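Welcome! Here are some short exercises to help you find your way around a new structure. Try each one yourself before you read its worked solution.

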Amino acid sequence: MGFHKYEKIWLLFGIISLILFLSIVGVSAFGFNHHPSGGMETIDPTKVENTAPFDEPGVKKLEDGTYEVVVIAEAFSFNPGDIKVPAGEKVVFKVTSKDVTHSFSIVDTTVNMMVVPGRVNTKTFKFDKPGKYLILCNEYCGGGHHYMSTEIEVVPS
């Protein structure tokens with residue numbers, strides 16, 4: 001049994017395309033150190049409020065000068081509701097959920113994380129301009145989903 005000339009061409013095209021695709025993914029992942037923004041760390045979703053750092057949600061200045069914002073997403077709200085960080089400083093967001101899947105999206109930024117119960121998502125961002133930024137949940141999380149929003153205030157440093 002032999003292959004027709006066109007079958008050989010298409011098989012060769014498919015194999016070369018697959019090798020090219022896997023090479024691009026491999027170079028991107030290992031060469032440029034791309035990896036998921038978070039979600040690799042896990043906690044017990046029934047003990048979120050007893051597990052550090054979620055036992056004290058809010059804004060903390062770390063020893064290296066960065067700011068850590070610890071947020072718990074829960075039924076139709078973010079805890080804490082008031083977040084204030086300085087402009088021009090590196091801010092590390094740590095977010096988890098204790099009930100259902102939510103999202104943590106800051107409008108007009110690249111901060112957009114899916115928040116799954118039992119997973120800790122981390123994203124680092126630097127706000128260049130002072131102002132108020134809207135935080136939304138983009139995952140339908142129940143009947144009060146449309147109320148799930150808050151603001152982050154970025155103050156001049």
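**Exercise 1. Which residues have the most contacts inside the largest nonpolar core?**

Solution. Keep in mind that this is a predicted model.
- Step 1: The largest nonpolar core holds 25 residues, and those with the most contacts inside it are Phe78, Val85, Phe93, Phe104, Ile106, Phe127 and Ile152.
- Step 2: Now look at the strands that supply it. At least two core residues come from each of β3, β5, β6 (90-97), β7, β8, β10 (131-136) and β11 (149-155).
- Step 3: The top contributor is β3, which gives 4 residues.
- Step 4: A separate core of 6 residues lies apart from this one; Ile43, Val48, Phe54 and Val120 are among its members.
- A general remark fits here: in soluble globular proteins, nonpolar side chains tend to be buried together.

**Exercise 2. Find the residues in contact with Phe127, leaving aside its neighbours within four places in sequence.**

Solution.
- Step 1: Begin with the partners numbered in the eighties and nineties: Val85, Ala87, Gly88, Glu89, Val91 and Phe93 are included.
- Step 2: Continue along the chain to Ile106, Thr109, Tyr133, Ile152 and Val154, which also touch Phe127.
- Step 3: Compare with Exercise 1: Val85, Phe93, Ile106 and Ile152 are named there, like Phe127, for having the most contacts inside the core.

**Exercise 3. What is the span of helix α1 from its first C-alpha to its last?**

Solution.
- Step 1: Helix α1 runs over residues 5-31, a length of 27 residues.
- Step 2: Its first and last C-alpha atoms are 37 Å apart, close to the 39 Å expected at 1.5 Å a residue.
- Step 3: Turn to the record. An unreviewed UniProt entry places a "transmembrane region" at residues 9-32; in the model this span is 96% helix and 0% strand, with 33 Å between its end C-alpha atoms.
- Step 4: Just after α1 comes Asn33, with a positive phi of about 55 degrees.

**Exercise 4. How far apart do the C-alpha centres of domain 1 and domain 2 lie?**

Solution.
- Step 1: Mark the bounds: domain 1 is 1-35 and domain 2 is 48-155.
- Step 2: The C-alpha centres of the two domains are separated by 40 Å.
- Step 3: The unreviewed UniProt entry annotates residues 62-157 as "domain: Cytochrome oxidase subunit II copper A binding". Over these residues the chain is 0% helix and 56% strand, and the end C-alpha atoms are 16 Å apart.

**Exercise 5. Locate two cis peptide bonds, one from Ala52 to Pro53 and one joining Asn79 and Pro80.**

Solution.
- Step 1: The bond from Ala52 to Pro53 has omega near 0 degrees, and Pro53 sits in the loop between β1 (38-42) and β2 (58-61).
- Step 2: For the bond between Asn79 and Pro80, omega is about 10 degrees. Pro80 belongs to the loop between β4 (77-79) and β5 (82-86).

**Exercise 6. Is Asp108 buried or exposed? Ask the same of Phe76.**

Solution.
- Step 1: Asp108, in the loop between β7 (102-106) and β8 (112-115), has a positive phi of about 65 degrees although it is not a glycine.
- Step 2: Its relative accessibility is 75%, so Asp108 counts as exposed.
- Step 3: Phe76, in the loop between β3 (67-74) and β4, also has a positive phi, near 65 degrees.
- Step 4: Phe76 counts as partly exposed because its relative accessibility is 31%.

Definitions and conventions: Residues are numbered from 1 along each chain as its sequence is written. This is a predicted model: local features need pLDDT of at least 70, side-chain atom pairs count only at pLDDT 80 or more; totals for chains, interfaces and linings use all residues. Side-chain values use heavy atoms; hydrogens and water are left out. UniProt positions are given in the numbering used here, feature names are shortened, and annotations may be inferred rather than shown by experiment. Buried means under 20% relative accessible area, exposed over 50%, partly exposed in between (1.4 Å probe, protein chains only). Domain bounds come from an automatic or database domain assignment. The expected span of a helix is 1.5 Å times one less than its number of residues. A nonpolar core is a set of buried Ala, Val, Leu, Ile, Met, Phe, Trp, Tyr and Cys residues joined through side-chain atoms within 4.5 Å. Contact means heavy atoms within 4.5 Å.
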